[in-house]
Amino acid sequence: MEVTVHSSKPVKPDYGDRGGPSPDIVPLSVFDKVSYETHRPVAAFHPPAPANNVLEVGLAKALAEYREWAGRLGADAGGNRAIVLDDAGARFVEATADVVLARSLMQLTTGDKLLSLFPSCHGADELLLAQVTRFRCGSIIIGVSMHHKVADGHAIWTFLFAWGQATRGVAISPVPVHDPASLFAPRDPLRIEFDHRGNEFKSHGDKSGGTHAGDETLIHRVHFSRERIMALKSKASEGATRPYTTLQCLAAHLWRCITKARGLDVGATTRMRIAVNGRTRMSGPKVPSGYTGNVVLWAWPTTTAQELVDRPLRDTVELISREVARIDDAYFRSFIDFASSGEVEKEQLVPTADSLELTLNPNVEVDSLLGIPFYEMDLGGSRPFFFLPGYSIVPVDGFMYIVQSFEGDGSVDAYVPLFGRTMEAFNKCCYSSMPPMADQGAY
C-alpha cells in the first residue's frame, strides 16, 4: 500500500458573522499535566464519503466551538504550561492510497503502513492534525493525532462527534465546557488523604516498565463474542454478590495471559494501570459531560506473577474491582490538593504517564473505550466500519485498548500489543483458557 500526500494546510476556526474572540491563555489543569502526550484514533468509512472540502468546512466550524484544538501549547504569565488560544489552526492533510481498502485492513496494525495514515507530527506545533486518505474503492480513513495534554479519550471523541455534527450542519451537542479553574479548585485547607507518589507521579528518571529488547511489537486483535463474554463473566462472578463488569473480566483474563506469555519469575511484581474517568465519579461540583479537558486518573491493581496465574480468575477480577472502586470522589479531590500543594515542584516529581516507554513489562495498561459509541460518528456519509486505537509513536508492549465491536451484536474487541516473541504464547493462553460455553462460535 502506497499513500501519497497531495496537500497539507492549516484550518482556522470559522466564526461566521459573529466574529472571533480575542486571544486568550488557558493554563493546563492538574489532570492535563499528568496525562500522556499524544493519542491517535483511526476511523474508516465506506462510500459515499463526504468531499474533502466539506470535511474541511466542518472542521473549521467545530474549531470555532473548541478553540483549544486550533491553539498552541505555551505558557501563561507565571511560566505555567498553558494552551494559547491564538487560532493558529489545526493541520488538514489530503492523501490517497493506491489500493482497495478491504484488502488492506489486516495490514493496518503496525509499522509504516499504519503510520502512513497519520499526518507527520515531526516538528509539528499543532495540537490537532488530521489526515483524510481516500482509497481506490471510494472509502476513506481519517487518521487523527490530538495532543493528550489537551483532552482525554472522552473529550477527544466528543470533539470528533462535533466535527461530524458541524459537517452535517446540525447543532453541536453536548455544549462544550472550558472551565477547569472552577471545577478543579483545591480545597482550603488542603486535604491530601492518599499517597499519589508512584500512582500519578514518580521521581525524575524512574521507569515504570522494562527496557526495550529490540523485538518488533505486534498488535493482536482479540474478538470476544457476546456469548464468550457472558461465559467469562459467569465464571469470574461465581460467589460474588453482584456480577462484575465486562471491562473488569476481560482485563483480568488478558492480564493473566500476558503475564504467562512473558514468562515472568514467579515472585515478580506486576501491576495493571487502568484508566478511571472522573466524570462519573466526581461530585461537588460534578464534571459536565461536555468538559473539554482531561479528567482521568488510574487504578493500580498489584500482585505477583505466581498469584496472578495460579489463583482463580475471580480473584484477579476482585482485585481489579476493589482497586478501581478506591478511585472515587475523595481520591480525585485528594489528587487535586496534592498536585496544587507545591510538593510536585519541591520534589521534582514527573508524571508516571510516559509516552516514550516502548514496553511496560512486567506491567500492563488498559484503556477502555466501551462507553464511547464511536460507531455513531457521522460525517454526512456512511457510519464508520473500522476503528483502530493509536499510539503516540509505535505500539507499546502491554498497552491494551478494549473497544466495542463494529458488528453491533454486543461483542468486544481487545487490541493487545506485544513483542513478537511472546505473541504465540499469548494467543495460546488467550483462547485455551476461556471457559466453555454452549455456543462454540468465534471469539
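Where is the place of Pro-189? In this predicted model, Pro-189 sits in the loop between helix H5 (180–183) and strand E10 (201–203). The peptide bond that joins Asp-188 to Pro-189 is cis. Its omega is about 5°. A second cis peptide bond runs from Pro-47 to Pro-48, with omega near 0°. Pro-48 also belongs to a loop, the one between strand E4 (41–45) and helix H2 (52–65). Asp-87 stands out through its backbone angle phi. Its phi is near 60°, a positive value in a residue other than glycine. Asp-87 lies in the loop between E6 and strand E7 (90–97). Most residues other than glycine have a negative phi, and most peptide bonds are trans.

The protein chain is assigned two domains. Domain 1 covers 3–11 + 19–168, and domain 2 covers 201–432. Domain 1 is thus written as two segments, whereas domain 2 is a single one. The centres of domain 1 and domain 2, taken over C-alpha atoms, are 24 Å apart. The two domains touch each other. On one side, 48 residues of domain 1 take part in the contact. On the other side, 53 residues of domain 2 do so.

A sheet of three strands comes next. The sheet is open, its strand order is E2-E6-E5, and the pairing is antiparallel. Strand E2 (24–27) and strand E5 (72–75) form the edges. Each has a single partner strand, so one side of each is left without a neighbour in the sheet. E6 stands between them in the order. On average, neighbouring strands of this sheet are turned by 40° against each other, direction ignored. The pairing of E2 with strand E6 (residues 81–85) is antiparallel and extends over four bridges. Pro-27 has Ala-82 of E6 as its bridge partner.

Three helices, H6, H7 and H9, pack against one another in pairs. Helix H7 (residues 246–262) packs on helix H9 (residues 313–326) at an angle of about 120°. Their axes are 9 Å apart. Why is H7 called oblique to H9? Angles of 65 to 115 degrees count as roughly perpendicular and those over 145 as roughly antiparallel. The angle of about 120° falls between these ranges, so H7 is oblique to H9. The crossing of H7 and H9 is right-handed. H7 contributes Gln-248, Cys-249, Ala-251, Ala-252, His-253, Trp-255 and Arg-256 to the contact. These residues meet Leu-313, Thr-316, Val-317, Leu-319, Ile-320 and Ser-321 in H9. By class, the contact of H7 with H9 has eight nonpolar, four polar and one charged residues.

Helix H6 (residues 226–236) packs on H7 at an angle of about 85°, and the axes are 10 Å apart. This angle makes H6 roughly perpendicular to H7. From H6, the contact includes Ile-229, Leu-232, Lys-233 and Ala-236. Their counterparts in H7 are Thr-246, Cys-249, Leu-250 and His-253. Five residues of this contact are nonpolar, two are polar and one is charged.

How do the axes of H6 and H9 cross, and within what distance do they come? They cross at roughly 85° and come within 8 Å. H6 is therefore roughly perpendicular to H9. In H6, the residues in contact are Leu-232, Lys-235 and Ala-236. They meet Leu-313, Arg-314 and Val-317 in H9. This contact has four nonpolar and two charged residues, and no polar ones.

Some residues take part in two of these contacts. Leu-232 and Ala-236 of H6 meet residues of H7 and also residues of H9. Cys-249 and His-253 of H7 meet residues of H9 and also residues of H6. In H9, Leu-313 and Val-317 meet residues of H7 and also residues of H6.

Notes. Residues are numbered from 1 along each chain as its sequence is written. This is a predicted model: local features need pLDDT of at least 70, side-chain atom pairs count only at pLDDT 80 or more; totals for chains, interfaces and linings use all residues. Side-chain values use heavy atoms; hydrogens and water are left out. Axes are lines fitted to C-alpha atoms, for helices over the stretch in contact, and angles run from 0 to 180 degrees between N-to-C directions. Helices (H or I, at least four residues) and strands (E, at least two) are DSSP runs, numbered from the N terminus. Angles under 35 degrees count as roughly parallel, over 145 as roughly antiparallel, 65 to 115 as roughly perpendicular and the rest as oblique. A crossing is left-handed if the near helix is turned anticlockwise from the far one by less than a right angle, and right-handed if clockwise. Contact means heavy atoms within 4.5 Å. Ala, Val, Leu, Ile, Met, Phe, Trp, Tyr, Cys and Pro count as nonpolar, Asp, Glu, Lys and Arg as charged, and the others, Gly among them, as polar. Two strands pair if DSSP finds at least two bridges between them. Domain bounds come from an automatic or database domain assignment.
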